[in-house]
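Subject: Handover of a structure and the findings on it

Dear colleague,

Please find below the structure that I am handing over to you. I would be grateful if you could look through it before reading my notes.

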Amino acid sequence: MVTVLGSGDSLLRVIETAFPAADIHVRGNEISAVGDPREVALVQRLFDEMMLVLRTGQPMTEDAVERSIAMLRASENGTSEGRETPAEVLTQNILSSRGRTIRPKTLNQKRYVDAIDKHTIVFGIGPAGTGKTYLAMAKAVQALQSKQVNRIILTRPAVEAGERLGFLPGTLYEKIDPYLRPLYDALHDMLDPDSIPKLMAAGTIEVAPLAYMRGRTLNDAFIILDEAQNTSPEQMKMFLTRLGFESKIVITGDVTQVDLPNGTKSGLRQVQEILEGVDDVHFSRLSSQDVVRHKLVGRIVDAYEKYDSHNGTENGTHQGGRNKRK
(Lines give C-alpha, C1' and ligand atoms only; values in the text may rest on other atoms or scores of the structure.)
Protein backbone atom coordinates (compact mmCIF):
# COMPACT_ATOMS: atom_id res chain seq x y z
CA MET A 1 0.00 0.00 0.00
CA VAL A 2 2.95 2.30 0.66
CA THR A 3 3.91 2.08 -3.02
CA VAL A 4 0.46 3.40 -4.00
CA LEU A 5 0.12 6.09 -1.35
CA GLY A 6 3.78 7.07 -1.24
CA SER A 7 6.17 7.37 1.66
CA GLY A 8 4.38 9.20 4.45
CA ASP A 9 1.27 9.31 2.21
CA SER A 10 3.03 11.82 -0.06
CA LEU A 11 1.25 10.59 -3.20
CA LEU A 12 -2.10 10.54 -1.43
CA ARG A 13 -1.67 14.21 -0.51
CA VAL A 14 -0.99 15.08 -4.15
CA ILE A 15 -4.19 13.30 -5.18
CA GLU A 16 -6.29 14.89 -2.43
CA THR A 17 -5.06 18.35 -3.44
CA ALA A 18 -5.90 17.68 -7.10
CA PHE A 19 -9.41 16.38 -6.32
CA PRO A 20 -10.88 18.62 -3.60
CA ALA A 21 -14.44 17.57 -4.51
CA ALA A 22 -13.71 13.93 -3.68
CA ASP A 23 -13.15 12.51 -0.19
CA ILE A 24 -10.64 9.67 -0.35
CA HIS A 25 -10.68 7.04 2.40
CA VAL A 26 -8.05 4.40 3.08
CA ARG A 27 -9.02 1.35 5.13
CA GLY A 28 -6.32 -1.28 5.31
CA ASN A 29 -5.68 -2.32 1.72
CA GLU A 30 -8.85 -0.72 0.38
CA ILE A 31 -9.15 2.77 -1.11
CA SER A 32 -12.53 4.38 -1.71
CA ALA A 33 -13.76 7.81 -2.72
CA VAL A 34 -17.05 9.68 -2.34
CA GLY A 35 -18.22 13.06 -3.55
CA ASP A 36 -18.65 14.60 -6.99
CA PRO A 37 -19.33 11.64 -9.35
CA ARG A 38 -17.00 12.88 -12.11
CA GLU A 39 -14.17 13.52 -9.66
CA VAL A 40 -14.69 10.15 -7.99
CA ALA A 41 -14.57 8.42 -11.39
CA LEU A 42 -11.29 10.19 -12.21
CA VAL A 43 -9.81 9.21 -8.85
CA GLN A 44 -10.72 5.58 -9.51
CA ARG A 45 -9.16 5.74 -12.98
CA LEU A 46 -6.05 7.33 -11.52
CA PHE A 47 -5.52 4.55 -8.98
CA ASP A 48 -6.10 1.95 -11.71
CA GLU A 49 -3.41 3.60 -13.86
CA MET A 50 -1.02 3.83 -10.91
CA MET A 51 -1.44 0.11 -10.22
CA LEU A 52 -0.68 -0.71 -13.87
CA VAL A 53 2.54 1.29 -13.66
CA LEU A 54 3.56 -0.25 -10.34
CA ARG A 55 3.02 -3.78 -11.69
CA THR A 56 5.78 -3.14 -14.23
CA GLY A 57 8.19 -2.59 -11.35
CA GLN A 58 8.41 1.14 -11.96
CA PRO A 59 7.83 3.34 -8.89
CA MET A 60 5.33 6.18 -8.88
CA THR A 61 6.63 9.63 -7.98
CA GLU A 62 4.79 12.83 -7.14
CA ASP A 63 5.71 14.17 -10.57
CA ALA A 64 4.36 11.03 -12.28
CA VAL A 65 1.10 11.29 -10.32
CA GLU A 66 0.67 14.95 -11.25
CA ARG A 67 1.32 14.19 -14.93
CA SER A 68 -1.11 11.26 -14.81
CA ILE A 69 -3.79 13.54 -13.36
CA ALA A 70 -3.16 16.11 -16.10
CA MET A 71 -3.52 13.42 -18.79
CA LEU A 72 -6.75 12.08 -17.30
CA ARG A 73 -8.25 15.56 -17.01
CA ALA A 74 -7.29 16.39 -20.61
CA SER A 75 -8.94 13.17 -21.76
CA GLU A 76 -12.04 13.90 -19.67
CA ASN A 77 -12.31 17.47 -21.01
CA GLY A 78 -11.81 16.42 -24.62
CA THR A 79 -8.65 18.53 -24.98
CA SER A 80 -6.45 15.52 -25.72
CA GLU A 81 -6.46 13.72 -29.05
CA GLY A 82 -5.88 9.98 -29.06
CA ARG A 83 -6.52 7.27 -26.50
CA GLU A 84 -3.16 6.84 -24.81
CA THR A 85 -3.43 6.22 -21.08
CA PRO A 86 -1.04 7.47 -18.37
CA ALA A 87 0.25 3.92 -17.85
CA GLU A 88 1.03 3.57 -21.57
CA VAL A 89 2.95 6.84 -21.52
CA LEU A 90 4.88 6.26 -18.30
CA THR A 91 5.93 2.67 -19.03
CA GLN A 92 7.25 3.13 -22.59
CA ASN A 93 10.95 2.42 -22.16
CA ILE A 94 13.32 3.79 -24.79
CA LEU A 95 16.73 3.02 -23.41
CA SER A 96 18.19 1.53 -20.23
CA SER A 97 21.73 2.57 -19.46
CA ARG A 98 23.96 2.90 -16.43
CA GLY A 99 21.23 1.92 -14.01
CA ARG A 100 18.54 4.27 -15.27
CA THR A 101 15.78 4.05 -17.85
CA ILE A 102 14.93 6.82 -20.29
CA ARG A 103 11.24 7.08 -21.13
CA PRO A 104 8.71 9.78 -22.06
CA LYS A 105 7.05 11.56 -19.15
CA THR A 106 4.19 13.32 -20.92
CA LEU A 107 1.67 12.43 -23.62
CA ASN A 108 3.24 14.81 -26.15
CA GLN A 109 6.65 13.31 -25.47
CA LYS A 110 5.27 9.81 -26.14
CA ARG A 111 3.74 10.99 -29.41
CA TYR A 112 7.06 12.60 -30.35
CA VAL A 113 8.91 9.34 -29.68
CA ASP A 114 6.29 7.36 -31.60
CA ALA A 115 6.60 9.78 -34.54
CA ILE A 116 10.36 9.15 -34.65
CA ASP A 117 9.61 5.44 -35.05
CA LYS A 118 7.09 6.03 -37.83
CA HIS A 119 8.59 8.83 -39.95
CA THR A 120 11.86 9.48 -41.76
CA ILE A 121 12.04 13.18 -40.84
CA VAL A 122 10.66 14.47 -37.54
CA PHE A 123 10.72 18.01 -36.17
CA GLY A 124 10.56 18.40 -32.39
CA ILE A 125 9.56 21.99 -31.68
CA GLY A 126 9.01 23.38 -28.21
CA PRO A 127 10.43 25.39 -25.32
CA ALA A 128 13.50 24.60 -23.26
CA GLY A 129 13.25 21.64 -20.92
CA THR A 130 10.73 19.57 -22.89
CA GLY A 131 13.20 16.76 -23.67
CA LYS A 132 13.29 17.36 -27.43
CA THR A 133 16.98 16.65 -27.92
CA TYR A 134 17.42 14.21 -25.04
CA LEU A 135 14.66 11.87 -26.25
CA ALA A 136 15.90 12.11 -29.84
CA MET A 137 19.39 11.12 -28.72
CA ALA A 138 17.99 8.21 -26.71
CA LYS A 139 16.22 7.00 -29.86
CA ALA A 140 19.46 7.41 -31.82
CA VAL A 141 21.43 5.30 -29.33
CA GLN A 142 18.62 2.72 -29.32
CA ALA A 143 18.75 2.56 -33.13
CA LEU A 144 22.52 2.14 -33.09
CA GLN A 145 22.47 -0.59 -30.46
CA SER A 146 19.72 -2.50 -32.29
CA LYS A 147 21.70 -2.15 -35.55
CA GLN A 148 18.95 -0.18 -37.30
CA VAL A 149 21.69 2.28 -38.30
CA ASN A 150 25.47 2.11 -38.46
CA ARG A 151 26.24 5.56 -37.08
CA ILE A 152 24.92 8.58 -35.23
CA ILE A 153 25.55 12.12 -36.45
CA LEU A 154 24.86 15.02 -34.08
CA THR A 155 25.10 18.59 -35.29
CA ARG A 156 24.39 22.15 -34.21
CA PRO A 157 24.81 25.55 -35.83
CA ALA A 158 27.63 27.40 -34.02
CA VAL A 159 25.80 30.70 -34.31
CA GLU A 160 27.45 32.45 -31.41
CA ALA A 161 30.89 31.87 -32.91
CA GLY A 162 30.08 33.31 -36.33
CA GLU A 163 33.02 34.92 -38.07
CA ARG A 164 34.76 35.36 -34.72
CA LEU A 165 35.61 31.65 -34.64
CA GLY A 166 38.93 32.27 -36.35
CA PHE A 167 39.98 34.70 -33.66
CA LEU A 168 39.40 32.31 -30.76
CA PRO A 169 42.50 30.64 -29.30
CA GLY A 170 43.17 26.94 -29.75
CA THR A 171 42.65 24.32 -32.43
CA LEU A 172 39.46 24.11 -34.48
CA TYR A 173 38.22 21.31 -32.20
CA GLU A 174 38.83 23.44 -29.12
CA LYS A 175 37.00 26.37 -30.71
CA ILE A 176 33.83 24.48 -31.60
CA ASP A 177 33.76 22.20 -28.55
CA PRO A 178 31.80 24.60 -26.26
CA TYR A 179 28.97 24.84 -28.79
CA LEU A 180 28.66 21.05 -29.00
CA ARG A 181 29.19 20.31 -25.30
CA PRO A 182 25.45 19.79 -24.50
CA LEU A 183 25.39 16.94 -27.03
CA TYR A 184 28.42 15.29 -25.42
CA ASP A 185 26.79 15.61 -22.00
CA ALA A 186 23.70 13.75 -23.20
CA LEU A 187 25.85 11.01 -24.75
CA HIS A 188 27.59 10.48 -21.42
CA ASP A 189 24.19 9.85 -19.82
CA MET A 190 23.36 7.13 -22.33
CA LEU A 191 26.62 5.33 -23.06
CA ASP A 192 29.63 4.09 -21.15
CA PRO A 193 31.87 7.19 -21.08
CA ASP A 194 34.93 5.05 -21.82
CA SER A 195 33.33 3.81 -25.05
CA ILE A 196 32.50 7.25 -26.46
CA PRO A 197 36.05 8.22 -27.60
CA LYS A 198 36.41 4.84 -29.33
CA LEU A 199 33.05 5.20 -31.10
CA MET A 200 33.97 8.71 -32.21
CA ALA A 201 37.40 7.63 -33.41
CA ALA A 202 35.76 4.87 -35.47
CA GLY A 203 33.26 7.33 -36.96
CA THR A 204 30.33 5.49 -35.37
CA ILE A 205 29.41 8.68 -33.53
CA GLU A 206 30.13 12.06 -35.07
CA VAL A 207 29.55 15.41 -33.39
CA ALA A 208 30.19 18.35 -35.69
CA PRO A 209 29.04 21.89 -36.54
CA LEU A 210 26.32 22.21 -39.15
CA ALA A 211 28.73 23.73 -41.67
CA TYR A 212 30.52 20.36 -41.84
CA MET A 213 27.41 18.74 -43.35
CA ARG A 214 27.66 20.62 -46.65
CA GLY A 215 28.35 18.46 -49.71
CA ARG A 216 27.76 15.16 -47.91
CA THR A 217 25.22 12.36 -48.38
CA LEU A 218 24.42 10.71 -45.06
CA ASN A 219 23.46 7.06 -45.54
CA ASP A 220 22.54 4.49 -42.88
CA ALA A 221 22.63 7.08 -40.11
CA PHE A 222 20.51 8.59 -37.36
CA ILE A 223 21.05 12.33 -37.74
CA ILE A 224 20.04 14.96 -35.19
CA LEU A 225 20.12 18.70 -35.83
CA ASP A 226 19.84 20.54 -32.52
CA GLU A 227 19.12 24.26 -31.95
CA ALA A 228 17.61 24.37 -35.44
CA GLN A 229 15.97 27.74 -34.76
CA ASN A 230 19.44 29.18 -35.37
CA THR A 231 19.66 27.93 -38.95
CA SER A 232 18.99 30.19 -41.89
CA PRO A 233 16.51 28.99 -44.53
CA GLU A 234 19.46 28.13 -46.77
CA GLN A 235 21.15 26.08 -44.04
CA MET A 236 17.93 24.22 -43.29
CA LYS A 237 17.50 23.27 -46.95
CA MET A 238 21.15 22.24 -47.15
CA PHE A 239 20.79 20.00 -44.11
CA LEU A 240 17.53 18.34 -45.16
CA THR A 241 18.97 17.46 -48.56
CA ARG A 242 21.85 15.54 -46.91
CA LEU A 243 19.39 12.69 -46.24
CA GLY A 244 20.61 9.40 -47.66
CA PHE A 245 19.27 5.85 -47.85
CA GLU A 246 18.28 4.00 -44.66
CA SER A 247 18.69 7.18 -42.62
CA LYS A 248 16.48 9.08 -40.22
CA ILE A 249 16.58 12.79 -39.35
CA VAL A 250 15.31 14.47 -36.18
CA ILE A 251 15.42 18.26 -36.02
CA THR A 252 14.88 20.02 -32.70
CA GLY A 253 14.50 23.66 -31.77
CA ASP A 254 12.67 26.41 -29.94
CA VAL A 255 11.36 29.17 -32.20
CA THR A 256 11.15 31.55 -29.22
CA GLN A 257 14.93 31.48 -28.69
CA VAL A 258 16.39 32.57 -32.02
CA ASP A 259 19.96 33.94 -31.82
CA LEU A 260 20.32 34.88 -35.49
CA PRO A 261 21.33 38.42 -36.47
CA ASN A 262 18.47 40.88 -36.93
CA GLY A 263 16.91 40.53 -40.35
CA THR A 264 17.81 36.83 -40.73
CA LYS A 265 14.77 34.57 -40.86
CA SER A 266 14.87 31.33 -38.90
CA GLY A 267 14.97 28.26 -41.11
CA LEU A 268 12.97 26.37 -38.49
CA ARG A 269 10.13 28.88 -38.68
CA GLN A 270 10.08 28.84 -42.47
CA VAL A 271 10.30 25.07 -42.90
CA GLN A 272 6.99 24.60 -41.08
CA GLU A 273 5.27 26.58 -43.84
CA ILE A 274 7.06 24.61 -46.55
CA LEU A 275 6.95 20.98 -45.36
CA GLU A 276 3.77 20.81 -43.26
CA GLY A 277 1.68 18.01 -44.79
CA VAL A 278 4.52 16.46 -46.82
CA ASP A 279 4.42 12.65 -46.65
CA ASP A 280 6.85 11.04 -44.18
CA VAL A 281 7.65 14.40 -42.56
CA HIS A 282 6.15 14.98 -39.12
CA PHE A 283 6.03 18.01 -36.82
CA SER A 284 5.78 17.27 -33.09
CA ARG A 285 4.98 20.32 -31.00
CA LEU A 286 5.61 20.43 -27.28
CA SER A 287 4.55 23.10 -24.79
CA SER A 288 5.22 24.34 -21.28
CA GLN A 289 3.08 21.41 -20.06
CA ASP A 290 5.81 19.08 -21.31
CA VAL A 291 8.67 20.73 -19.42
CA VAL A 292 10.43 18.06 -17.36
CA ARG A 293 12.88 20.30 -15.54
CA HIS A 294 12.02 22.23 -12.38
CA LYS A 295 8.31 23.13 -12.28
CA LEU A 296 9.27 26.79 -12.28
CA VAL A 297 10.70 26.43 -15.80
CA GLY A 298 7.22 25.75 -17.18
CA ARG A 299 5.85 28.80 -15.39
CA ILE A 300 8.69 30.93 -16.75
CA VAL A 301 7.94 29.75 -20.30
CA ASP A 302 4.25 30.61 -19.85
CA ALA A 303 5.10 34.02 -18.39
CA TYR A 304 7.34 34.94 -21.32
CA GLU A 305 4.74 33.76 -23.85
CA LYS A 306 2.11 35.89 -22.10
CA TYR A 307 4.45 38.89 -22.04
CA ASP A 308 5.34 38.56 -25.72
CA SER A 309 1.69 38.16 -26.69
CA HIS A 310 0.64 41.20 -24.65
CA ASN A 311 3.47 43.43 -25.87
CA GLY A 312 3.44 42.40 -29.52
CA THR A 313 6.91 40.91 -29.41
CA GLU A 314 8.39 37.76 -30.90
CA ASN A 315 11.42 36.12 -29.32
CA GLY A 316 11.85 39.22 -27.17
CA THR A 317 12.13 41.50 -30.22
CA HIS A 318 9.53 44.15 -30.97
CA GLN A 319 7.93 43.34 -34.30
CA GLY A 320 9.38 45.82 -36.74
CA GLY A 321 12.03 46.87 -34.22
CA ARG A 322 15.56 45.85 -33.32
CA ASN A 323 15.53 45.74 -29.51
CA LYS A 324 16.28 42.23 -28.39
CA ARG A 325 15.58 41.12 -24.84
CA LYS A 326 18.81 40.34 -23.00
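The notes below describe what was found in this structure, beginning with its largest pocket.

Please bear in mind throughout that this is a predicted model.

**The largest pocket**

The largest pocket holds about 950 Å³ of space. Its lining is made up of 36 residues, and those nearest the centre are G129, T130, G131, Y134 and V292. Four elements each give two or more residues to this lining: helix 4 (62-77), strand 4 (100-102), helix 7 (132-145) and helix 8 (172-190). Helix 7 supplies the largest share, with five residues. Sorted by class, the lining has 14 nonpolar residues, 11 polar ones and 11 charged ones.

Where does the largest pocket lie with respect to domain 1 and domain 2? Residues of domain 1 (1-91) and residues of domain 2 (107-308) both contribute to the lining, so the pocket lies between the two domains.

**Helix 7**

Since helix 7 gives the largest share of the pocket lining, a closer description of this helix may be useful. Helix 7 consists of 14 residues and spans 20 Å from its first C-alpha to its last, which is close to the 20 Å expected at 1.5 Å a residue. The helix is mostly covered, with 11 of its 14 residues buried. The buried residues are K132, T133, L135, A136, M137, A138, K139, A140, V141, A143 and L144. As a general point on such elements, an α-helix has 3.6 residues a turn, so residues three or four places apart point the same way. Just after helix 7, K147 takes a positive phi of about 65°.

**An aromatic pair**

The count of aromatic pairs comes to one. The ring centres of F123 and F283 are 4.5 Å apart and the ring planes meet at 10°; planes under 30 degrees apart count as stacked, so this pair is stacked. F123 belongs to strand 5 (residues 121-125) and F283 to strand 10 (residues 281-285), so the pair ties together parts that lie 160 residues apart in sequence. Are the two residues buried or exposed? F123 has a relative accessibility of 0% and counts as buried, and F283, at 8%, also counts as buried.

**Positive phi in two loops**

Most residues other than glycine have a negative phi. D9, which is not a glycine, has a positive phi of about 60°. This residue sits in the loop between helix 1 (2-5) and helix 2 (10-18), and D9 is partly exposed, with a relative accessible area of 34%.

E246 is also a residue other than glycine with a positive phi, in this case near 60°. The loop that holds E246 runs between helix 10 (233-240) and strand 9 (248-253). With a relative accessibility of 66%, E246 counts as exposed.

**Residues apart in sequence**

The remaining notes concern separations along the chain and in space, starting with helix 3.

R45 is placed in helix 3 (residues 37-55) and is partly exposed, with a relative accessible area of 34%. R45 and S68 are 23 residues apart in sequence, and their C-alpha atoms are 9.9 Å apart in space. Q44 is likewise placed in helix 3, and at 46% relative accessibility Q44 counts as partly exposed. The C-alpha atoms of Q44 and A33 are separated by 7.8 Å, with their positions 11 residues apart along the chain.Two further pairs involve strand 9 and the loop that follows strand 8. D226 lies in the loop between strand 8 (221-225) and helix 10. D226 is buried, with a relative accessible area of 5%. Between the C-alpha atoms of D226 and V250, which are 24 residues apart along the chain, the separation is 8.4 Å. I251 lies in strand 9 and, at 0% relative accessibility, counts as buried. I251 and E227 are 24 residues apart along the chain, and their C-alpha atoms are separated by 8.1 Å.

Yours sincerely

Key: Residues numbered from 1 in each chain as written. Predicted model: local features only at pLDDT ≥ 70, side-chain atom pairs only at ≥ 80, totals over all residues. Heavy atoms only, no water. 1 Å grid on protein atoms, 1.4 Å probe; cavity = no way out; pocket = protein on both sides within 12 Å on 5 of 7 lines; lining within 4 Å. Points joined across faces, edges and corners; volume = space filled by probe spheres on them. Nonpolar A, V, L, I, M, F, W, Y, C, P; charged D, E, K, R; others polar. Domains from an automatic or database assignment. Expected span 1.5 Å × (residues − 1). Buried < 20%, exposed > 50% of the residue type's maximum accessible area, 1.4 Å probe, protein only. Phe/Tyr/Trp six-rings, centres within 6.5 Å; stacked < 30°, edge-to-face > 60°.
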